[in-house]
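These are my notebook entries on a structure that I went through step by step. I wrote down what I looked up and what I found each time.

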Amino acid sequence: MKIFWSFARQTFQFIAAYRFDFFMEFVLAVVRMYGIYWVWRILYTQRPGAFGVTLEQMTTYGVMGMALEMFIWSRPQWYMANQIKSGAIDTDLMKPLDFHLYMLARSVGEMFIGVGVLGLPALLIAYIFLGVQFPPNVAAGLLFVLSLILGFLLLFHLNFLLGSLAVVAMDIRHISWAYFSVVRFLGGQIVPLWLFPPFVAAIAEVLPFKGTYYIPISIYIGRLTGMDAIRALGFQIVWLVVLVLLSRLLWSAAHRRLVVQGG
Amino acid sequence: MEALRLYVRLVRLSMQARLQYRADFIMGMLNIIALNAINLGLIGIIVYRFVDINGWIVWELFFLYCLWLLGHCLYSLFFWHFWEMEEYIVHGTFDQFLLRPASPFIQYMGREVQYIGFADMSVAIAGLVLAYTNLHLHWSLAQWLFFPVVVISGTLIETALTLMMACIAFWTGRSSMAINLVMEFNVLVQHYPIDIFGVWFRVLVTGIIPVAFMNYYPALMLLGKIDPQSPTAWLGYISPLVALILIAIASVVWRLALQRYSSSGG
């Protein structure tokens, strides 16, 4: 556990060196929150009945979708792809920590940076200027935090699986473009699942992606409550177990296939 | 003319290097098409529920998206690697362009042609044709002539903006985040008609980062949505002018940047 935290801290210091990038990233986040806020606001005024929630809930959903990106987004896939491409992965495999855990440690470090430098300030802007509401009660708030942590872990494992592909594909840049839009779309980052046409909703309901954005935010705005919220957390846990097993399996298969270039 | 011949030669060399990776080429194309399909799907879903966004029906929104994309695809074909300029500057490899007896700009441009632009192009053309037929548009000759001018203007606007942002790297060593910022406004303008946003946003994308001239204002004209009574009706016609002004500014910035360049050595 001590090793785990020291790797996490190391990442924290590394990223802290790029201050200008973080500032720009922050501006980007504000632009995105502002954009989606107006989209939902205009659509709501057009047809208030079509949403099943209030205007405040809807804009909160949209803005949180953008703000939470900084809370749950991790990038193990880029690190893995780079290390595999350059051959430096062999030093990672020699580290006194299981590779999968090492990647998780790095991602946790990245996440703390993202939350501290970008996420919390962005939320502050959202609360002050974009009328984002607080969860309806303490219980919903606690469930939301729990669900958000599960969302982070789910997305980490999806990204880790993508990174493992780099062993076979070498270059994951192109796949990742389509992959990101699939996560955002089926994860409900921009449009919540309850607004999907039935056919698309049926697919999105069973896939793990909705555990990333849709479930945490729906709990946050009070759309998923009581037993429904608990069931949604159960859904996240089940998929998390599946993805952890899949990640271990795929990585050990990839590890055997791994050919380190140069050296 | 000499410059053009040199450019074509350089591009041919880089294409030969790139086409060695055929699987990569196909994957890149497929993924770009998938990405656009998902984006259009999202717009489709929103409109499926709400019929229109602030008076823009689904085909008009697709038209807006694809008009932007058609201008953008020419940019990404020829100028995408502006994004990587900071790497050359940070590592000092930019020196090579200054040592040879040819325009550094032509040399840099000739580094690469980004084939993914072709995927964007096929999506854009298909989308525009579908939108044109489904909206039962009948353009006058003037509108048909205006259309390619709009597309090229869009390309030039995006190119000039990106080049200016890339030049920041000559001073700070980093520019990709600044380019991303412009891209973010681009994405919003591409996806949604700017009349749904607040006033300051509209002012920003009209007057400061004028990406709205890539699709929104000309689309008003091409879709016949322009209100001749409106005091801002003329904005639909001035995309080419905006493009020329931006190119002029960008070329000044580029010249200043080259003067400023000092190799990082090593």
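Before looking up any residue, I noted the rule for exposure: a residue is buried if 20 or more other C-beta atoms lie within 10 Å of its own, exposed if 12 or fewer, and partly exposed in between. I also noted that this is a predicted model.

**Entry 1: a loop residue in chain B**

I began with His136(B), which I found in the loop between helix 7 and helix 8 (141-172) of chain B. Is His136(B) buried or exposed? I found 7 C-beta neighbours inside 10 Å, and because 12 or fewer is the limit, His136(B) counts as exposed. I then looked up the backbone of His136(B), where phi is near 50°, a positive value in a residue other than glycine.

**Entry 2: a second residue with positive phi**

I turned to Asn54(B), for which phi is near 50° and thus positive, although the residue is not glycine. Asn54(B) sits in the loop that runs between strand 1 (52-53) and strand 2 (56-57) of chain B. With 17 C-beta neighbours inside 10 Å, Asn54(B) counts as partly exposed.

**Entry 3: Tyr88(B)**

Next I looked up Tyr88(B), which belongs to helix 4 (residues 85-91) of chain B. Tyr88(B) has 17 other C-beta atoms within 10 Å and is therefore partly exposed. Which residues does Tyr88(B) contact, leaving aside its neighbours within four places in sequence? I found Thr93(B) and Phe94(B). I also looked up the pair Tyr88(B) and Gly173(B), which are 85 residues apart in sequence, while their C-alpha atoms are 9.6 Å apart in space.

**Entry 4: helix 2 and helix 3 of chain B**

I then went on to pairs of helices in chain B, starting with helix 2 (residues 22-50) and helix 3, whose axes are 10 Å apart and make an angle of about 155°. Angles over 145 degrees count as roughly antiparallel, and therefore helix 2 of chain B and helix 3 of chain B are roughly antiparallel to each other. Their crossing is right-handed. On the side of helix 2 of chain B, the contact is made by Leu40(B), Ile43(B), Gly44(B) and Val47(B), and on the side of helix 3 of chain B by Val58(B), Leu61(B), Phe62(B) and Tyr65(B). I noted that the residues of this contact divide into seven nonpolar, one polar and no charged.

**Entry 5: helix 3 and helix 7 of chain B**

Staying with helix 3 (residues 58-79) of chain B, I looked up how it meets helix 7 (residues 116-134) of chain B, and found that the axes come within 8 Å and cross at roughly 155°. Helix 3 of chain B and helix 7 of chain B are therefore roughly antiparallel to each other, and their crossing is left-handed. In this contact I found 17 nonpolar residues, five polar and one charged.

**Entry 6: helix 8 and helix 9 of chain B**

For helix 8 of chain B and helix 9 (residues 176-191) of chain B, I found axes 7 Å apart and a packing angle of about 155°. These two helices of chain B are therefore roughly antiparallel to each other, and helix 8 of chain B passes helix 9 of chain B in a right-handed crossing. The residues that make the contact are Leu161(B), Thr162(B), Met165(B), Ala166(B) and Ile168(B) of helix 8 of chain B, together with Ala178(B), Ile179(B) and Val182(B) of helix 9 of chain B. They divide into seven nonpolar, one polar and no charged.

**Entry 7: chain A as a whole**

How many helices and strands are there in chain A? I found 12 helices and zero strands. Chain A has 263 residues, for which a compact globule would have a radius of gyration near 18 Å, and its own value of 19 Å agrees with this. Along its principal axes, the C-alpha trace of chain A spans about 60 × 40 × 35 Å. I also noted that 44% of the residues of chain A count as buried. Among contacts in chain A between residues at least 6 apart in sequence, 82% join residues at least 24 apart.

**Entry 8: where the chains meet**

Last, I looked up the contact between the chains, which takes 30 residues from chain A and 31 residues from chain B. On the side of chain A that touches chain B, helix 2 (19-46) and helix 9 (173-186) of chain A each supply at least two residues. Helix 2 of chain A gives the most to that side, with 15 residues. The residues of the side of chain A that touches chain B divide into 21 nonpolar, four polar and five charged.

How values were computed
Residues numbered from 1 in each chain as written. Chains lettered and ligands numbered in written order. Predicted model: local features only at pLDDT ≥ 70, side-chain atom pairs only at ≥ 80, totals over all residues. Helix = DSSP H or I, 4+ residues; strand = E, 2+ residues; numbered from the N terminus. Rg over C-alpha atoms; globule rule 2.2 N^0.38 Å. Contact = placed C-beta atoms within 7 Å. Axes fitted to C-alpha atoms, helices over the stretch in contact; angles between N-to-C directions. Parallel < 35°, antiparallel > 145°, perpendicular 65-115°, else oblique. Left-handed = near helix turned anticlockwise from the far one by under 90°. Nonpolar A, V, L, I, M, F, W, Y, C, P; charged D, E, K, R; others polar.
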